[in-house]
Amino acid sequence: MSTDALSGADSVEPRASGSGGSGSAVDKVRTVATNPQFIAWTALAFMTTSSVASLRPSPTMAVYGLACVFLYLVPAIVFLLPTSLVSAELASGWSGGVYNWVTRGISSPAGFLAVWCQFAMTIFYYPSLLSFVASTLAYVFAPDLASNGVYVAAVIIIVYWLGVYVSSRGTKALAGLASSGLIIGTLIPGVALVVLGIVYLLQGNDSAAPMDAGHLLPEWAGLASLVLIVNNFLSYSGMEMNAVHVSSLRKPGKEFPRAIFLAMGLVLAIFILPALAISFVIPAEDLSLTAGLMQAFQGFFAEFGIEFLTPILALMIVCASLGGMLTWLAGPSKGLLLISRQQGYLPPFLQKMNKHGVQQNILVTQGVLTTVIALAYGLIPDVSSVYWIFSVMTTQVYLIMYLLMFIAAVRLRRLEPNHPRGYRAPALGLLCGVGFFASLAALLIGFVPPSQFGGGNPASYILIVGTGVVVIGLLVPFLLYRFRKPSWKTATPDEPETPAEATV
C-alpha cells in the first residue's frame, strides 16, 4: 500500500443515520446526479494505480523469485478485485465511508470497530514504513547501518516526531508531495530497476534466482511457505478509499470495471517487475526485507560502474516516502476524531484540537506507542524479522475492517435492496464470499511464522503477533465503547456531518 492510499483513510465519516430507508440527510448528499464533473475511466485507473502501487514491498516478494508472479496474482484476484467492486457499490450508495457502511449494515459498535481498525493499523504501519526509510537512508552515507537496530529505532522515533510537529502546524502546502512522490519515488526508481535488471541479464549474467518454469510456484514446505503472501493483502489495501470516485464516471456500470482491470494490470506490473529485478542480483538468503531495494540498486550500480548513483536513488525514495507520510499522517486520526466528537467514542482529552484544528493529543498518544514499538528494533538483532512482524500486525488489524465491510455489503443488499446506488457490483454475494474468506485465511495464516525465518520460537512469534492484534485491534476499541459516556459527545450542533476538511 502506498502512502497515497491512506490519505483519505475514511476521514470524512458522518454521524450514523440509522439503518432505515433512503430519506435521511446523509442519503441526499451522494450519487451520480449530484456530481456533474465527470472523469475518464482511464484517469480513474491511473488514480487507483498511484494510490496502491509502491516499491516498498518488492524485497519481500523478491525472496520468492519467479514465484512472486503467482503470489501477487492470487491476492489480486481474491482480494483486490472483490474489495474494489464491493466498495464501489457501497461508496456510490452511502456517503461517509466504512463507518457508515458497517453501522448501517451491521451495527454501531461494528462501525466503530471498523473505523478504529482503519486508524489502529497505522500504529504498526508507521514503524514498518519508517524502518524502510531508515534502511534506505543508510545507503546515502553508511550502508552498514541498514541492519543496525539502534540506528533504525532512532530514525523511526526522530522522523515520526518531526512529522507530528509538522502536521500539528496544520500545513497545507505538503498535500502535493504525495502525488509527486509517485513519479520521484516509485516510477523513476521502478523503471530504472527493471531496465537495469534486463540489461544485467542480456550481458550474460546469471540470475541469482532460478527463472525456469519449475519455479513458477513457491516451494511447498507446509503452511509456513505461504505466509509471505499475507503481506500482499496490505499492499493491495486502500481500495475502499478509491471507490468514492465511482460516482464521477459517466457510466459507472461499464467504466468502473474497466478502470479496475486496467489498474490491476498496472499495479501488478509495478509490483512484480521490480521484485523480479531484485531477485536477479540478490540471493534470497542475503536479501534484507527493509533494505533489499537499495541492495539491488547497489548491486546493479556496482556491476555497471556507476555506484555514485546509489545515494541519489536512496534520497529520491526517502523523500517520496517522507512526503507521502507527512501528507496523510493526520488523516486516519482526523476521521476517528470527527466520529468520536459526534458519537462520544473517545475521551475528551483525545478529542482536543490545537489552534490549527489538528488533533494533537491523538497524534502525541500515537507517537508514544510508536516510540515504544520502535524500541523493538533496538532490542531485537534481526531488523528484517522485526519489520516482518509489524507488517503482519498492520495487515491483521486492517483485515478486520475488511471482514466487517464484506458482511455489511451483503446485509445492505438484503436490507435495502431498493436503495439508490450509482453502481451495483455483479454477483455481490460471490464477491463478498470470496473476499471474506480470502481475508479470513490471510488473517489466520499471518499467525504462522514464515519459512524464511526458521530457527525462531513459533510460540513466541504467535504470542507477539496475537497480543498486538488483540490488544490494539480489539481490546482497546471494546473498552472505549464499553466505558464511553454521554459527556464525551463534544460536536457542536452546526458541525457538518461529512466535513471536507477531514480529507488530507
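In the predicted model, the axes of helix H4 (residues 97-105) and helix H16 approach each other to within 8 Å and cross at roughly 55°. This angle makes H4 oblique to H16, and the crossing in which H4 passes H16 is left-handed. On the H4 side, the residues that meet H16 are Val98, Trp101, Val102, Arg104 and Gly105, while H16 contributes Met401, Leu404, Met405, Ala408, Arg411, Leu412 and Leu415. Sorted by class, the residues of this contact comprise nine nonpolar, one polar and two charged.

Helix H16 itself spans residues 383-415 and contains 33 residues, reaching 48 Å from its first C-alpha to its last, which is close to the 48 Å expected at 1.5 Å a residue. Of these 33 residues, 27 are buried, so H16 is largely enclosed by the rest of the structure. Between H16 and helix H17 (428-445) lies a loop that holds alanine 427. Most residues other than glycine have a negative phi. Alanine 427, by contrast, has a positive phi of about 50° although it is not a glycine.

A second helix pair is formed by H6 (residues 149-168) and H15 (residues 360-379), which pack at an angle of about 170° with their axes 8 Å apart. Because angles over 145 degrees count as roughly antiparallel, H6 and H15 are therefore described as roughly antiparallel to each other. Residues of H6 that make the contact include Gly149, Val150, Ile156, Tyr160, Trp161 and Ser168, and among their counterparts in H15 are Gln360, Leu363, Val368, Thr371, Leu375 and Gly378. The contact of H6 with H15 has 14 nonpolar and nine polar residues, and no charged residues.

Helix H1 (residues 41-52) has twelve residues and reaches 17 Å from its first C-alpha to its last, close to the 16 Å expected at 1.5 Å a residue. Its buried residues are Leu44 and Ala45, followed further along the helix by Thr48, Thr49, Ser50, Ser51 and Val52.

With regard to the protein chain as a whole, the secondary structure comes to 18 helices and zero strands. Of the 504 residues in the chain, 57% count as buried. Among the contacts in the protein chain with a separation of 6 or more, 84% are accounted for by residues that lie 24 or more positions apart.

Notes:
Residues are numbered from 1 along each chain as its sequence is written. This is a predicted model: local features need pLDDT of at least 70, side-chain atom pairs count only at pLDDT 80 or more; totals for chains, interfaces and linings use all residues. Side-chain values use heavy atoms; hydrogens and water are left out. Helices (H or I, at least four residues) and strands (E, at least two) are DSSP runs, numbered from the N terminus. The expected span of a helix is 1.5 Å times one less than its number of residues. Buried means under 20% relative accessible area, exposed over 50%, partly exposed in between (1.4 Å probe, protein chains only). Axes are lines fitted to C-alpha atoms, for helices over the stretch in contact, and angles run from 0 to 180 degrees between N-to-C directions. Angles under 35 degrees count as roughly parallel, over 145 as roughly antiparallel, 65 to 115 as roughly perpendicular and the rest as oblique. A crossing is left-handed if the near helix is turned anticlockwise from the far one by less than a right angle, and right-handed if clockwise. Contact means heavy atoms within 4.5 Å. Ala, Val, Leu, Ile, Met, Phe, Trp, Tyr, Cys and Pro count as nonpolar, Asp, Glu, Lys and Arg as charged, and the others, Gly among them, as polar.
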